[in-house]
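Here is a quick, friendly tour for anyone meeting this structure for the first time. Have a look at it, and then we can go through some of its details together.

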Amino acid sequence: MSPVRRCSRTACGRPAVMTLTYVYADQTAVLGPLATYAEPHAYDLCLEHSERLSAPRGWEVLRLATGPIDPGPSNDDLLALADAVREAGRPVAPTPRSVAEEGAHETRRKGHLRVLTND
């Protein structure tokens, strides 16, 4: 699943930038900045669909933001990326050899077992 929320309009795959909700009691469609999380009774819209939004006759459209807001990467995203880069750059510690293998060499194998001798 993609972390980017998509436009709720059918056959539109563009990223969502605004959230549309309805206040049925006041006959108002409210268009505001993208909600922090998807809700079942709200519709995420892309830039094109949010600009072309119209409401039914007798309804009012209330636009809470003058334009879509692109938040970009947050500090948490940048810190997570920096931590991942640091982790990937750490050298891998060599696996320690057991005491039985120090100075021992393998003389023969039987299946998954090894016979070690100290000479």
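Let's start with a pair of residues out in the open: R90 and E87 are both exposed. Keep in mind as we go that this is a predicted model. The side chains of R90 and E87 meet in a salt bridge, with 2.6 Å from N to O. That bridge is one part of a wider picture, since the structure holds 5 salt bridges.

Here are three of those contacts side by side.

| Salt bridge | N to O distance |
|---|---|
| R90 and E87 | 2.6 Å |
| E48 and R14 | 3.1 Å |
| R52 and E48 | 3.1 Å |

E48 turns up in two of the rows, so what does it belong to? R14, E48 and R52 are linked in a network of salt bridges. The E48 and R14 side chains come together at 3.1 Å, N to O. E48 sits in helix 1 (residues 47-51), while R14 is in the segment before strand 1 (18-23), so this pair ties together parts that are 34 residues apart in sequence. On the other side of the network, R52 pairs with E48, and their closest N and O atoms are 3.1 Å apart.

How open are the members of this little network? E48 is partly exposed, at 34% relative accessibility. R14 also counts as partly exposed, with 36%. R52 is exposed, because its relative accessible area of 55% is over the 50% cut-off.

Next up is helix 2, which covers residues 75-89 and has 15 residues. How far does helix 2 reach from its first C-alpha to its last? The answer is 21 Å, close to the 21 Å expected at 1.5 Å a residue. Helix 2 is also hardly covered: the number of buried residues among its 15 is 0. E87, from the bridge we began with, falls within the 75-89 range of this helix, and E87 is exposed.

Finally, take a look at the tyrosines. Y22, Y24 and Y43 make a nonpolar surface patch of about 340 Å². Y22 lies in strand 1, and at 31% relative accessibility Y22 counts as partly exposed. A patch member needs over 30% relative accessible area, so Y22 with its 31% makes the cut.

Terms used:
Residues are numbered from 1 along each chain as its sequence is written. This is a predicted model: local features need pLDDT of at least 70, side-chain atom pairs count only at pLDDT 80 or more; totals for chains, interfaces and linings use all residues. Side-chain values use heavy atoms; hydrogens and water are left out. A salt bridge is a side-chain nitrogen of Lys or Arg within 4 Å of a carboxyl oxygen of Asp or Glu. Helices (H or I, at least four residues) and strands (E, at least two) are DSSP runs, numbered from the N terminus. Buried means under 20% relative accessible area, exposed over 50%, partly exposed in between (1.4 Å probe, protein chains only). The expected span of a helix is 1.5 Å times one less than its number of residues. Patches are made of residues with over 30% relative accessible area and no salt bridge: like charges are joined within 9 Å, nonpolar side chains (Val, Leu, Ile, Met, Phe, Trp, Tyr) within 5 Å. Accessible areas come from the Shrake-Rupley method with a 1.4 Å probe; for residues, only the protein chains shown count as cover.
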